[in-house]
Amino acid sequence: MGPDDAPSTADFFTTASRNHISKKSILHGSQNIHCAGRCVIQPGVVIHGEVAPVRIGRGCVIGSNTKLEPSVKVVQGTHIAIPMTIGDFVMIGEGADVQAASIGSRVQIGSGATLCPGVIVKDGVLIPDRALVPPECVIAPLMRASGRPASMLTMEPMHESTLLLFQEDAERYFEDFDAHFGELT
């Protein structure tokens with residue numbers, strides 16, 4: 001977070017569990033959107049809770065202009081909405097389009113990445129900028145999935161220490177963001 005993009009307390013509201021949510025984000029079906037605490041939702045984020053519940057874990061960062069929309073499956077001619085679950089300490093970059101069914105904990109999703117409907121991302125995964133994860137793809141834990149589209153051929157294993165590094169990144173982002181708010185009040 002540089003000096004030019006430092007947030008103003010007037011631009012965000014803060015919940016009792018210390019979620020900082022931009023007033024310029026759009027939360028459709030807000031009664032179905034749950035953030036566990038210490039999350040940052042940046043301006044321009046659109047979350048589609050009217051489709052199905054969206055659960056966002058503790059310490060997550062949702063980058064500006066990102067869309068979170070639960071998957072919809074057609075089963076025997078019937079549309080079935082699948083709740084979206086995002087684990088703890090997940091960082092999603094700017095302009096990502098996420099329609100995944102499930103994202104594990106300690107995951108980083110790059111700017112402009114696309115996760116198609118039904119995707120399941122396990123713990124400790126890195127999805128770089130502009131990657132495309134095709135529908136119904138399951139990404140195993142501790143993998144780096146890259147490409148357009150990302151496929152099993154472009155999966156690279158990562159070390160277990162990645163889990164701790166990803167958590168530290170998310171915690172540091174929140175602490176810096178939160179500290180800035182403390183300076184302004």
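**Notebook: sheet, hairpin, salt bridges, two single residues**

I began with strand β7 (residues 54-56) and strand β12 (residues 84-86), which run parallel and are joined by 3 bridges. I note here that the model is predicted. For one position in this pair I looked up the partner: Ile 56 has Ile 86 in β12 as its bridge partner.

I then traced the sheet around this pair. It is an open sheet of 6 strands with parallel pairing, in the order β4-β7-β12-β15-β18-β21. Its edge strands are β4 (33-35) and β21, and each of these pairs on one side only. As a reminder to myself, strands of a sheet pair through backbone hydrogen bonds, either parallel or antiparallel.

Next I looked for an antiparallel case. Strand β10 (residues 72-75) pairs with strand β11 (residues 78-81) in the antiparallel sense, over 4 bridges. Within this pair I found Val 74 opposite His 79 in β11. I recorded β10 and β11 as a hairpin with 2 residues between them. In the turn, Gln 76 has a positive phi of about 50°.

I turned to charged pairs. How many salt bridges does a search of the whole structure find? It finds 6 salt bridges. I went through three of them individually.

The pair I took up before the others was Glu 136 with Lys 73, whose side chains meet in a salt bridge at 3.6 Å, N to O. What does this pair tie together? Glu 136 lies in the loop between β20 (132-133) and β21 (138-139) and Lys 73 lies in strand β10, so the pair ties together parts that are 63 residues apart in sequence. I logged Glu 136 as partly exposed, with a relative accessible area of 44%. Lys 73 also counts as partly exposed, at 36% relative accessibility.

I then checked Glu 69 and Lys 67, whose side chains meet in a salt bridge at 3.3 Å, N to O. Glu 69 is partly exposed, with a relative accessible area of 22%. Lys 67 counts as partly exposed at 26% relative accessibility.

My third pair was Asp 169 and Arg 172, which form a salt bridge with the closest N and O atoms 3.3 Å apart. Both residues lie in helix α1, 3 residues apart, about one turn of the helix. Asp 169 is partly exposed, with a relative accessible area of 28%, and Arg 172 counts as partly exposed at 45% relative accessibility. I also looked for shared partners: Lys 67, Glu 69 and Asp 97 are joined into one network by salt bridges that share partners.

I stayed with helix α1 (residues 161-184) for Gln 167, which is placed in it. Is Gln 167 buried or exposed? It is buried, because its relative accessible area is 16% and the cut-off for buried is under 20%. Leaving aside neighbours within four places in sequence, I found Gln 167 in contact with Phe 89 and Arg 106.

I ended with Gly 147, which is in strand β22 (residues 143-147). Gly 147 is partly exposed, with a relative accessible area of 28%. Not counting residues up to four places away in sequence, Gly 147 touches Ala 131 and Leu 132. I also took the C-alpha to C-alpha distance from Gly 147 to Arg 130: they are 8.0 Å apart in space and 17 residues apart in sequence.

Conventions: Residues numbered from 1 in each chain as written. Predicted model: local features only at pLDDT ≥ 70, side-chain atom pairs only at ≥ 80, totals over all residues. Heavy atoms only, no water. Buried < 20%, exposed > 50% of the residue type's maximum accessible area, 1.4 Å probe, protein only. Contact = heavy atoms within 4.5 Å. Pairing = 2+ DSSP bridges. Salt bridge = Lys/Arg side-chain N within 4 Å of Asp/Glu carboxyl O.
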